[in-house]
Amino acid sequence: MVAIEYYVILSAILFTLGIVGVLIRRNAIVIFMSIELMLNSANLAFIAFARQYNELNGQVFVFFVMTVAAAEVAVGLALMVTIFRTKHSIDVDQLSSLKG
Amino acid sequence: MDANLIVFIILAVVAVGSALGMLLNKNAVYSALFLILNFATVAVLYIILGAPFIAMTQVTVYAGAIMVLFLFVIMLLGAEELAGATKIDWQKPAAVVLGVLLLAELIVVIFFRETVFAEFAELTDFGSPAQIGRVLFNEYLLPFEITAFLLLAAMIGAIVIARRVRQSPSKRES
Amino acid sequence: MSGYGIEDLVYILPIVFLLVWALVLVLVEAFTKRPDVTMLLAAFGLLAAVTLSVIQFGTEATAFKEMLTVDGYAVFVYMLVLASGLLSLGLAYDYNRRMGWARGEYYILMLFSIAGAMLMASAANLIVVFLALELLSIPLYVMAAFVPNDASSEEAGLKYFLLGAFAGGFVLYGVALIYGATGATNLMDVVAAALGTNSPVMLLTGAALILVGLGFKVALVPFHMWTPDVYQGAPTPVTAYMAVVAKAGGFAALFRVFIAAFPSVSADLTPVIATLVVLTLVVGNVAALAQKNIKRMLAYSSISHAGFLMMAFVTYGSALYADAVTSLLFYLLAFTVTSFGSWAVVIALEKAEGKGLDFEDYAGLGKKYPMLSAAMLVFLLSFAGVPPTLGFAGKFFLFRTVLEAGYAWLAIVGVIMSLVSAFYYLRVVRFMYFEQGDPEVRSEPVLNLVTAITVVGTIFLFLFSGPLLAWASEAVLALI
């Protein structure tokens, strides 16, 4: 059987990729997708640890995280649609009406 | 090299590859599709790790509902064409360097454990809906209720934001 | 369901009441469609929750299988957060209607957010911390974007959303690592397992990631990137609410998690925390010097105050942690009162479409509206830490605690930065009293009431600093 550490390292790789995605992409939707990748990687870590400790707690946490992700997606995409209606762009570099 | 390890490596490569594909692709639709692939791969990993119910939920909720919503919005906004180049170019390499550093640290941290590579207990009914339900409603009742309110708040919020009726500004002044 | 009893509900009655009340208001709003009614009912709900919280003072208990702790510390924060809610309602009352976009959902979302902040103060389980953080934040993303067809507001909402979701990811991964290191997320179990864990480094990393995530939330440097934009773009009552409650909730949870669960890693994390404090103080204050828009200036000032609040945290691992908690709570109280007061004045001068928010608009205020400018003077002095204001008392106690803990250099940095901050606060004073101008002020009973209450609070509560401090010290953090 594959050691748990390998799964957790995979989750760390995905987590880091998510962070890098948030930092380098300019399209707000892709930034949000990178954040979803981060959350998903944490889920993978939870499941792996749950397996290691042979307890279902980790899996239940993933349940909650999925719910939170769904809630965030609803609000986030609503915000993006609204901004697009006003500014016809979701490029975060172009959202600079707030520089003072 | 036993079969388990080979399967894991294949899945890991697909997962990381699809994540990279998501990050690097200019077209937002392709990014979303790569992310769906990533989620599906991770779902398979969940099954291997003894979480069949969560794997099904992952496919249904994450890949099925959330990503479909993403795709819908991407199509709606026509966001697959990206306008505007990045103005500041030093940020990209800096981000990648930071990412690599973080990753190195995490790998060291994770390997720094003195855990025994424990033999996994036999999986009997582990991760089944009944078991998860039992734990969820007995141990984690409070978080469950909190998520209920969270979803309600998010629903109200999303509807308020998205359903803007364009009315003349002076309509409400008395 | 095993293991739960009616006591669980009773212990968290203020939070439960608020949530259920918000549900009732959803129905009320659906049928009456009148924002005024919803607002008044929301205010009533908050007052009722305050009463319920007062009854709780003195309890020390855990509820829901030890996922929540109700103790003096939590109740103190409950009251602060509920009072912030009431003050925000006072600020929003006229503003929302005046700007033409009043909607009942605003108040309902605020109630959810307040409940989230209260849960953060009580959370004794890392998953509850995460969920409460989201419950606090998600309504705020919406409230920041509340002004319809306004690019700044929508932009603020989107930026706050991306920032907040990013932060949540860090917190979550930190919780995952801690779960991996200890097999538990209940703080009690984490503490017990932390002693015998065979992955101490993973525990430390998890704790650090949680610190990063919550640091985003309370706007510490270098996690403050979009905060001034968000503060500027969001409607001002929302900004006022965010500035206080996001910090209150964030710091409350941060303290509880770290003091209760991670005293063992304090030696490793203290230098990091001290660095964050210095960075935040320096960047926040220096950047504020360059601002011309009062909302942005107050935003950077808010960031610098997060630095001061974090300073209370430096001593968390030592024996002086009780003083650390007291100084945090007291400074939070001082900051709440002063902050809301300053935002009330900003609202009084603000006109539609983001006008009336530059320093020049304050010129001549001293001559035309002496009371209002006197109030603003008091608030600015309190921010800068000049006696006889509550802000001075807050800083005094904070610096004294830090000195006693042996961090004299940090206290010196704090004093120097306070002096620097006086520059930009007094710049507003200069405009108010020494420049000519003809400002227009919106004078409205509820708004004036808020200003009056906060001014009185800032000065007179200073006279009662002693008893207040005693109350804060009794706000014991039930050590698990």
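A salt bridge is a side-chain nitrogen of Lys or Arg within 4 Å of a carboxyl oxygen of Asp or Glu. Between chain C and chain B, the count of such bridges is zero. The model is predicted, and the values below were computed from it.

The contact between chain C and chain B takes 44 residues from chain C and 30 residues from chain B. About 3300 Å² is buried between the two chains. Carbon and sulfur atoms give 72% of that area. Polar contacts were also sought. The count between chain C and chain B is zero residue pairs in polar contact, with both residues required to be at pLDDT 80 or more. Several helices build the side of chain C that touches chain B. Helix H2 (13-32), helix H4 (72-99), H5, helix H6 (126-144), helix H7 (151-182) and helix H9 (200-218) of chain C each give two or more residues. H6(C) provides the largest share, eight residues. By residue type, this side of chain C holds 30 nonpolar, seven polar and seven charged residues.

One of these contributors, H5 of chain C, was examined further. Helix H5 covers residues 104-122 of chain C and has 19 residues. From its first C-alpha to its last, H5(C) reaches 28 Å. The span expected at 1.5 Å a residue is 27 Å, and the helix comes close to it. Burial was then assessed, with under 20% relative accessible area as the cut-off. In H5(C), 19 of the 19 residues are buried, so this helix is largely enclosed by the rest of the structure.

Chain B also meets chain A. Here 81 residues of chain B are in contact with 73 residues of chain A. Together, chain B and chain A bury about 7300 Å². Of this area, 78% lies on carbon and sulfur atoms. The rule finds zero salt bridges across the interface of chain B and chain A. Polar contacts do occur there: seven residue pairs, both members at pLDDT 80 or more, are found. Six helices of chain B each supply at least two residues of the side that touches chain A: H1 (3-24), H2 (28-48), H3 (52-77), H4 (91-111), H5 (129-138) and H6 (141-162). H3(B) gives the most to this side, with 14 residues. The residues of chain B on this side divide into 60 nonpolar, 15 polar and six charged.

Note on methods:
Residues are numbered from 1 along each chain as its sequence is written. Chains are lettered from A and ligands numbered from 1 in the order in which they are written. This is a predicted model: local features need pLDDT of at least 70, side-chain atom pairs count only at pLDDT 80 or more; totals for chains, interfaces and linings use all residues. Side-chain values use heavy atoms; hydrogens and water are left out. Contact means heavy atoms within 4.5 Å. Buried area is the accessible area (1.4 Å probe) that two parts lose on being put together, summed over both. A polar contact is a pair of N or O atoms within 3.5 Å; within protein, one must be able to donate a hydrogen and the other to accept it, and residues adjacent in sequence count only if both atoms are side-chain atoms. Helices (H or I, at least four residues) and strands (E, at least two) are DSSP runs, numbered from the N terminus. Ala, Val, Leu, Ile, Met, Phe, Trp, Tyr, Cys and Pro count as nonpolar, Asp, Glu, Lys and Arg as charged, and the others, Gly among them, as polar. The expected span of a helix is 1.5 Å times one less than its number of residues. Buried means under 20% relative accessible area, exposed over 50%, partly exposed in between (1.4 Å probe, protein chains only).
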